[in-house]
Amino acid sequence: MQENVAHVARHDSVTNTLNGTAFAAAVEHFIDRRKHTTTDAGGIVIAVIVDTLDDIGRRYGPQWADTVIQSLASIIQSSVRRDDLVARLATNELGIFLSGATIEDARDISTRIRTRLSEATFSADGAPLSVAIRLGGSSFDSPADFNQLRQLANQMALERDDENDDIPIRVLPAA
């Protein structure tokens, strides 16, 4: 029973990914642990913003928006590495934490996400749904703050349109 309660407290009920609080705590823990060891590499935080989720919810109902975000979370989870973290950070935003990843790793993962999303078919009441996402990232290899990393990843996602296959990633300057 305690395990179930702990799971519910740390996970989003729709996507079964980490919730924002648990995700932030895990990234902060990684950053704090890095302060005491020199062997860990930095990491990358990726923001995945679903541009069309609100439109889908308004037009077809919240259950369809939930289905889309569930499917996208599954696509992301099947696209990342085994130890990477995936979380629902907002109604229309998922976050990914790639510990020890290079910018090339993040680009490979974002390409897999976009490819799998383009191969997926979404429909509501027999009508095709258009699911458009934006990806952006922030990379760090020195002490960092989770909120700063998330804000920078969001900013990078919003600077590019969803047609661009390359994920914009900004490296956080060393403190």
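1. In this predicted model, leucine 18 stands opposite alanine 87 of strand S3. The pairing to which this position belongs links strand S1 (residues 18-19) with S3 (residues 85-90). The two strands run parallel and are joined by two bridges.

2. Alanine 87 also has a bridge partner in strand S4, namely glycine 95. S3 and S4 (residues 93-99) pair in the antiparallel sense, and five bridges connect them. Another position in which S3 faces S4 is leucine 85, which stands opposite phenylalanine 97. The connection between S3 and S4 is a hairpin, with two residues between the strands.

3. S4 is further paired with strand S2 (residues 43-50). This arrangement is antiparallel and comprises seven bridges. Within it, isoleucine 46 has isoleucine 96 of S4 as its bridge partner. S4 therefore has pairings with S3 and with S2.

4. How far is S4 enclosed by the rest of the structure? Six of its seven residues are buried, so the strand is largely enclosed by the rest of the structure.

5. Threonine 52 merits separate comment. The residue is located in the loop that connects S2 to helix H3 (53-60). Is threonine 52 buried or exposed? Its relative accessible area is 14%; because residues under 20% are classed as buried, threonine 52 counts as buried. Leaving aside residues up to four places away in sequence, threonine 52 touches Ser130, Val131 and Ala132.

6. Helix H6 (residues 146-159) contains 14 residues. At 1.5 Å a residue, a helix of this length should span 20 Å, and the end C-alpha atoms of H6 are 20 Å apart, so the expected span and the model agree.

7. The start of H6 shows a polar contact involving aspartate 145. A side-chain oxygen of aspartate 145 comes to within 3.2 Å of the backbone nitrogen of asparagine 147.

8. Which residues of H6 are buried? They are Phe146, Leu149, Leu152, Ala153, Asn154, Met156 and Ala157. The buried residues of H6 pack against several elements: helix H2 (20-36), strands S2 and S4, strand S7 (133-140) and strand S8 (169-171).

9. Taken together, these points place S4 in several relationships. S4 forms a hairpin with S3, pairs with S2 through seven bridges, and is one of the elements against which the buried residues of H6 pack. S2 likewise receives packing from the buried residues of H6, and the loop between S2 and H3 holds threonine 52.

How values were computed. Residues are numbered from 1 along each chain as its sequence is written. This is a predicted model: local features need pLDDT of at least 70, side-chain atom pairs count only at pLDDT 80 or more; totals for chains, interfaces and linings use all residues. Side-chain values use heavy atoms; hydrogens and water are left out. Two strands pair if DSSP finds at least two bridges between them. Helices (H or I, at least four residues) and strands (E, at least two) are DSSP runs, numbered from the N terminus. Buried means under 20% relative accessible area, exposed over 50%, partly exposed in between (1.4 Å probe, protein chains only). Contact means heavy atoms within 4.5 Å. The expected span of a helix is 1.5 Å times one less than its number of residues. A polar contact is a pair of N or O atoms within 3.5 Å; within protein, one must be able to donate a hydrogen and the other to accept it, and residues adjacent in sequence count only if both atoms are side-chain atoms.
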